[in-house]
Amino acid sequence: MKYVTFGPTGLTVSQFCLGAWHVPGTGAKDRFGIEEVDKEAFAKVVKRAYDLGINFIDGANRYHGRMSTADLDHVGNTERILGQILKGYDRESLVIATKVRGPMAPWPNGQGLSRKHIMWQIRESLRRLEVDYVDLYQIHWEDPVTPKLETLRTLNNLIDRGFVRYIGESNHSAADAVEFMERARALDLEGFVSMQEPYNLLERQKEFETIPVAKKCGMAVMAYVPLAQGVLTGKYLGVTEKGSRATYEPGMAGQYLNTDVSSAVNTLKGIAGEKGCTIAQLALSWMIHKQEQLGITIVPILGITKLSHLEDNVGALDVKLSGDEMARLEEVAATAKMGKQSY
Ligand SMILES: NC(=O)c1ccc[n+]([C@@H]2O[C@H](COP(=O)([O-])OP(=O)(O)OC[C@H]3O[C@@H](n4cnc5c(N)ncnc54)[C@H](OP(=O)(O)O)[C@@H]3O)[C@@H](O)[C@H]2O)c1
């Protein structure tokens with residue numbers, strides 16, 4: 001495994017983070033008709049990732065494990081299962097990230113970035129994860145109501161009280177990210193050490209929006225959907241596999257499943273063939289090389305539902321790309337026109 005320093009911190013994290021949004025499913029449905037998480041298979045994924053040197057895990061209070069947008073009957077599920085799994089590991093060998101913001105209860109203050117909601121949810125996340133602290137506590141998306149200073153002071157309080165080691169943000173506009181960071185600096189508060197953004201070879205708009213803020217402020221970028229939810233593996237070029245994400249997340253088709261994207265991915269398949277690697281490895285290697293070009297830390301968050309995918313993706317560390325090859329990949333990917341964002 002390759003390790004990187006996490007943005008402006010002294011924290012060392014693996015080049016890949018293991019995501020907990022979609023994890024292995026059993027195929028069986030719960031009483032609400034939602035597929036159940038396969039706890040044993042998920043535990044095997046965590047174990048293999050750990051054995052491969054991945055020390056960084058990303059979750060969120062809302063995640064269920066088999067739903068893109070979990071409803072109130074299913075929130076908290078992934079954290080609870082992770083808590084059971086992680087009991088078997090030395091806590092200090094792990095860097096655990098989670099998030100707060102989304103709806104967790106139907107009542108007023110059941111969501112948001114207010115002091116009341118955050119103070120409630122950190123306790124709940126620690127209880128579900130069965131840990132004393134989380135390493136990275138991220139605000140999942142913006143809360144237009146709560147004053148930024150209230151959120152920032154609350155998060156700093158969690159650091160002071162030892163519940164949280166570092167704080168990060170996700171899905172905020174560049175202007176909001178800058179405002180948070182300027183307020184933190186002006187008041188000598190801890191600012192965000194990372195931003196979590198959708199970023200992959202096909203979806204590069206963040207390079208022109210928020211990534212410049214990350215660079216200016218020295219934040220690490222945690223790249224979510226690094227394989228465009230599986231599209232950048234070539235798995236949707238042929239017959240769609242039973243149980244794959246596009247079969248239960250209808251929004252994916254409108255975003256990625258069109259002839260432009262297929263044609264670009266098909267060309268990437270040819271390039272991968274020339275390099276002797278898989279399309280997934282090519283796309284992840286591009287991102288690892290991109291962090292050097294952009295001069296920032298980028299940690300792709302891998303969504304793993306099968307052990308073989310994990311082995312495949314980590315192999316990206318052995319794929320070397322020249323500047324010309326990087327440019328060629330970007331040229332091919334730029335021909336893929338996508339629909340509305342589905343996550
Ligand atoms: N901050 C946010 O708002 C936000 C939003 C979304 C995600 N995230 C984070 O980002 C993480 C990753 O997101 P993601 O799961 O969408 O990532 P992704 O890597 O783009 O997609 C993962 C999916 O791609 C397929 N896949 C992965 N490797 C493969 C391989 N080698 N061969 C064939 N198929 C492969 C699998 O699909 P199948 O399951 O269909 O086989 C897998 O579920 C999440 O777990 C979460 O931690 C954060």
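**Figure 1. The buried side of helix α2 packs against two strands and two helices.** In this view, the buried residues of α2 meet β5 (35-37), α1 (39-51), β7 (95-100) and α3. The model you are looking at is predicted. Helix α2 covers residues 77-86, and its buried members are N77, T78, E79, I81 and L82. When you look for a pattern in such a list, it helps to know that an α-helix has 3.6 residues a turn, so residues three or four places apart point the same way.

**Figure 2. Eight strands form a closed barrel.** Follow the strands around the barrel of this predicted model and you meet them in the order β3-β6-β7-β8-β9-β10-β11-β12. The pairing is parallel, and the barrel is closed. From one strand to the next, the twist averages 30°. Outside the strands, helix α4 (residues 148-160) packs on the sheet and touches β8 and β9 (164-170). The direction of α4 makes about 150° with that of β9.

**Figure 3. Strand β10 pairs with β9 and with β11.** Zoom in on β10, residues 194-198, which runs parallel to β11 and is joined to β11 by 5 bridges. One pair to find here is P198 and its bridge partner in β11, Y224. Turning to the pairing with β9, you will find 3 bridges, and β9 and β10 also run parallel. Here E169 stands opposite M195 in β10. Is β10 mostly covered or mostly open? Of its 5 residues, 4 are buried, so the strand is mostly covered. As you trace the strands, remember that in a regular strand the side chains alternate between the two faces of the sheet.

**Figure 4. Helix α10 is largely enclosed.** This helix runs over residues 279-294, and it lets you try a simple check. How far apart should its ends be? At 1.5 Å a residue, its 16 residues should span 22 Å, and the end C-alpha atoms are indeed 22 Å apart, so the two values agree. Because 12 of the 16 residues are buried, α10 is largely enclosed by the rest of the structure. Those buried residues are I279, A280, Q281, L282, A283, L284, S285, W286, M287, I288, H289 and K290. Their cover includes β11, α9 (259-275), β12, α11 and α12 (323-333). Just after α10 comes G295, which has a positive phi near 70°.

**Figure 5. A228 and Q229 are two residues with positive phi.** Both sit in a loop of the predicted model: A228 lies between β11 (220-224) and α7 (245-248), and Q229 is also in the loop between β11 and α7. A228 is not a glycine, yet its phi is positive, about 50°. For Q229, again a residue other than glycine, phi is near 60°. Are these loop residues buried or exposed? A228 counts as buried because it has 23 C-beta neighbours inside 10 Å. Q229 is buried as well, with 27 other C-beta atoms within 10 Å.

**Figure 6. The ligand is surrounded by 29 residues.** In this close-up, look for G19, W21, Y224, G230 and G303, which are the closest of the residues around the ligand. Two elements each give two or more residues to this shell: β12 (298-303) and α11 (307-314). What classes of residue make up the shell? The count is 11 nonpolar, 14 polar and 4 charged residues. You may recognise Y224 from the view of β10, where Y224 is the bridge partner of P198.

**Figure 7. Y133 meets a stretch of residues from elsewhere in the chain.** Y133 is found in the loop between α3 (115-129) and β8 (134-139). With 17 C-beta neighbours inside 10 Å, Y133 counts as partly exposed. Leaving out residues up to four places away in sequence, Y133 touches G162, F163, V164 and R165. Along the chain, Y133 and G162 are 29 residues apart, while their C-alpha atoms are separated by 6.6 Å.

**Figure 8. H172 is a buried loop residue.** Look for H172 in the loop between β9 and α5 (174-186). Why does H172 count as buried? It has 23 other C-beta atoms within 10 Å, and 20 or more is the cut-off for being buried. Setting aside neighbours within four places in sequence, H172 is in contact with E142 and A177. V46 offers another reference point: H172 and V46 are 126 residues apart in sequence, and 29 Å lie between their C-alpha atoms.

Conventions
Residues numbered from 1 in each chain as written. Predicted model: local features only at pLDDT ≥ 70, side-chain atom pairs only at ≥ 80, totals over all residues. Near = placed C-beta within 6 Å. Nonpolar A, V, L, I, M, F, W, Y, C, P; charged D, E, K, R; others polar. Expected span 1.5 Å × (residues − 1). Contact = placed C-beta atoms within 7 Å. Pairing = 2+ DSSP bridges. Axes fitted to C-alpha atoms, helices over the stretch in contact; angles between N-to-C directions.
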